Structures are given as structure tokens and as C-alpha cells.
Amino acid sequence: MTHIKTQTEWESDMGIKILEYVKSELYMDFIFMDNSLSALVPISSQQVHLWSTDGAYIYYNPSNLINLFKKNDRFLVRAYLHTVFHCLYAHLWLRGSRDISLWNLSCDIFVERIIDQLDKPSTKRILSYMRTCLYSRLGDENVMSPSQIYEFLSKENYSLDELNNEFYTDDHTYWPKDNSDKPSAVEIPNDSQKQWEKRARQLQLSRDRQNGDDKGELNMITSVMAARKNRMNYREFLRRFTRIREELSIDPEEFDLSSYTFGLRLYGNLPLIEPLETRESRKIADFVIVIDTSYSTSGELVKKFLEETFNILSTDNMFFKTCRLHIIQCDDKVRQDIEITSLDEIGKMFDSFELKGGGNTDFRPAFVYINELIENNMLKNLGGVLYFTDGKGTYPSKMPEYKTAFVYLSDYDKEKVPPWAIKFQADKYMIGE
């Protein structure tokens, strides 16, 4: 007997056909993005208004999708590209501790701004007055990334409701929630995130090989991916300061479940083997961050990089539960040392954080002070020292006994840097990307 489709089944099938149509329209204009456009697997859901993605699936509302297709199929074509861009730029995984509503809006504005600049029939639309004015302001302020838009909107007197009405496109219900509290030896991005990072790299390679009419669009789409790459490099750079140490946590890999349950079955309440209560983790125990507060250093830029560093370290779960951090401000003298013993204290520190100094740059006093902390047993497991600076100072002549890295916030004289120092050239556009 032939199965007769129910209304729900018919709508689900029609929804998939509409999504296929939408993708085929985009293929005509963005053939170089075929791998990204076909990546999301459709699943019907009543939990979304139109559709949402978690990076692996696109959850669509069949009835709403069909109704909107009848009224404005061109919007769906553009909206699908909007969702794919969220994945390519990793917006789903970069929120951290930011306000979720403002972050979602910032990501939508960022994506719509790119799409509005693409000269393609499938995505072209007349710019509204609100978009024209906002894009002009963002350009004047050199605001590029979602995090910069986030900061911009936090300070400016815009009506967020009006902006949401203008830029809302897709549902963010299925975006991964903040998982910074989950215990893990090393935070590993989920497979969806890795796959989208791979697709973003493929797009960048396509840009280098492209010579036709699509060259301009590819340049526009991939231009901000360089900043994303720099931030990933900085994340890996920070991992160099982690150490292996045991911490209280059941290690499932070392726990013999079969012997454990056998003892329970045989003796009732007497397991043969108790689970191990510790596991080896690679994290940071003690850490020192030194801030160059001399007159030649941009204080606001230093503060932003400090916030970004703590954001990465916190969201990647790189600290042991018992840790000791020292935030030292120094120009030619040590001006302040803030000691932090829990991650909760970091946010409170930034609420009243002020840069102190303004003199000449001399790196040596900070290292003398750190050595005194070690001698007085104030730092017992020092993972390393991170020194934010413009590089225009006097370096220690002797190599410290601990790992030391200088994060340069501008161009610096490489010949003056001692060979023992770890160097990282920062890019201001990677902050919070």
C-alpha cells in the first residue's frame, strides 16, 4: 500500500526542496563557495522562526519557510548566505563572556555589511537609510570585526531594537552556548568548528588562485579571515605556557569499569577497584603578565590585548582551579602588582582597572621584582612571563630562569631583542575577533 504523506511530512520535504533551490541560486554567483554552501545538513524543527545552525545542521521551520518562499524567495537566498558566513567567520564559537543579544546583533551587522558590498544578482538589494548611515560611521571609526562592532555599539547611543529590526536575518537558537566551565585538560574545538576553519582556509587558497570576475568578491569575503588566523596563532602561542600537572578529577581513560562493576555484582557494595581521583592536565598554574605603561605605549591598546588574553585563557580552560596570577604595571619602575587567585577576580579587576606610569621604558625592574616573588615563595610553579610592550626599552642582559615572551603591539627593532626572548608580533585587528 502506497504511503500517503501527512501535512508535516509534505512540509518537511518541501522545505528541503526550497533549501536546494536557494543553494542552486547561490551556486550561480558564488561557485567558489560550493563546498561551504553544501555543508549544512537540513533538519526540520519547530524551535526556530525560519532557520538556525549549530555549524553541522541547519534547523528549518517548514511552514514558515514555505510561507516566506511564496512571498519573497530572494530574501531566502540572501539569508542562507548570511548563515553560511556566520559559520565561515566562526561567529558561533567566539562569543565568550560577551552579552549574547549584543553579540548576535554585532555578528548580523558584520555579515550583512559584507553581503551588501557584494555585487551579485542573487544578493543585491537597495540599502536602507539606516544601513547607509551605520556603515558610514563604522568606516569612519575603522570598525571591522564583530568584536569591534560590539564595542562600538556598547558606547554609542543607537537604538538596539531598531538595529535588530533592520539586521535580524536568521535565528541563533542553535548556536553553541558558552562552555568555558566544562572540565577539560585541553579545550578542543568541536568537529564542526574544525571543518569550517578548513573551509575558510580553502577559500583563502581559492582567492590566491583566482584571476576572473570573482576575484573582488573573494578578496572581500576572505580579507577579515587573516585577523581570525592571527587570533588562532595567538591562542596556540599562549598554550606554550601550560604545564602538565595532576588535578582532582576522575580520569575515565584510567578507570577499569568492568572490574569495578564486577566487584559490585559479586559483593554488593564492594567494588574491586576505585576510580582514580586525579588526572594529568596541561594548564597554567602560576603566571605573570607585565604591562609596559611607558609614555610611548598606547594604554588603550594594551588594555584591550590584556582583556583578549584573559578571554582566551579563560574560555579555553587553561587555568588550574588553584592558580596565582600577577598583573604587573611597569615603565622604568614597578608601579603596581595585582594578584589574582581565582578567575572570578579577573572581571572585578577590569571594572576599576587603570594604567599607571608614563615614564621611560625599562624591562629590567619587572624581572628583578618577579625574581623577588620567586625567592619569597610567592610564585612556586611559574609557567612564564608575558610582557606587553612596544619594544622601546632596555632588556635584561641575563636570561631569566623561566619562560619569557614579549608581545609587541607595534613594529619593533628585532636586532635589540635578546635571543632567549620569545617574540610575538600582535595585530590590533585580531583583538576579540
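In the predicted model, D116 is buried, with a relative accessible area of 18%. The residue belongs to helix α5, which covers residues 100-117. Its side chain forms a polar contact of 2.4 Å with the side chain of R78. R78 also appears among the residues that D116 touches beyond four places in sequence, together with R125, L127, R131 and Y135. The assignment of D116 as buried follows from the cut-off, because 18% falls under the 20% limit.

Two residues of the loop between α4 and α5 were examined. A90 is located in this loop and has a positive phi of about 60° although it is not a glycine. Most residues other than glycine have a negative phi. A90 is also buried, at 3% relative accessibility. R95 is found in the loop between α4 and α5 as well, and it counts as buried at 18% relative accessibility. A polar atom of the R95 side chain lies 2.9 Å from the backbone oxygen of R98.

Helix α4 itself, residues 73-88, lies across strands β2 and β3 and runs at about 20° to β2. These strands are part of an open sheet of 3 strands, in which the order is β1-β3-β2 and the pairing is mixed. The edge strands are β1 (41-44) and β2 (51-53), each of which pairs on one side only. From one strand to the next, the twist averages 25°. Strands of a sheet pair through backbone hydrogen bonds, either parallel or antiparallel.

The mixed character of the sheet can be followed pair by pair. Strands β1 and β3 run parallel and are joined by 4 bridges; within this pairing, I43 stands opposite Y59 of β3. Strands β2 and β3 (residues 57-60) run antiparallel and are joined by 3 bridges. T53 has I58 in β3 as its bridge partner. β2 and β3 form a hairpin with 3 residues between them, and G55 in the turn has a positive phi of about 100°.

Helix α15 comprises 12 residues, 364-375. At 1.5 Å a residue, the helix should span 16 Å, and the distance of 17 Å between its end C-alpha atoms agrees with this expectation. Its buried residues are A366, F367, I370 and L373. Viewed down the axis of α15, these buried residues fall within an arc of 115°, so they line one face of the helix. An α-helix has 3.6 residues a turn, so residues three or four places apart point the same way.

Just after α15, N377 takes a positive phi of about 60°. N377 is a residue other than glycine and is placed in the loop between α15 and β8. With a relative accessible area of 53%, N377 is exposed, whereas A90, for which a positive phi of about 60° was also computed, is buried.

Further along the chain, Y395 is found in the loop between β8 (382-389) and β9 (404-408). Y395 counts as buried, at 11% relative accessibility. The side chains of Y395 and Y408 are joined by a polar contact of 2.8 Å. Y395 and V417 are 22 residues apart in sequence, with a C-alpha to C-alpha distance of 7.4 Å. Beyond four places in sequence, the residues touched by Y395 are F363, R364, F406, Y408, K416, V417 and P418. One of these, R364, is also part of α15, which is formed by residues 364-375.

Definitions and conventions: Residues are numbered from 1 along each chain as its sequence is written. This is a predicted model: local features need pLDDT of at least 70, side-chain atom pairs count only at pLDDT 80 or more; totals for chains, interfaces and linings use all residues. Side-chain values use heavy atoms; hydrogens and water are left out. The expected span of a helix is 1.5 Å times one less than its number of residues. Buried means under 20% relative accessible area, exposed over 50%, partly exposed in between (1.4 Å probe, protein chains only). The arc is that of the directions from the helix axis to the C-beta atoms. A polar contact is a pair of N or O atoms within 3.5 Å; within protein, one must be able to donate a hydrogen and the other to accept it, and residues adjacent in sequence count only if both atoms are side-chain atoms. Contact means heavy atoms within 4.5 Å. Two strands pair if DSSP finds at least two bridges between them. Axes are lines fitted to C-alpha atoms, for helices over the stretch in contact, and angles run from 0 to 180 degrees between N-to-C directions.
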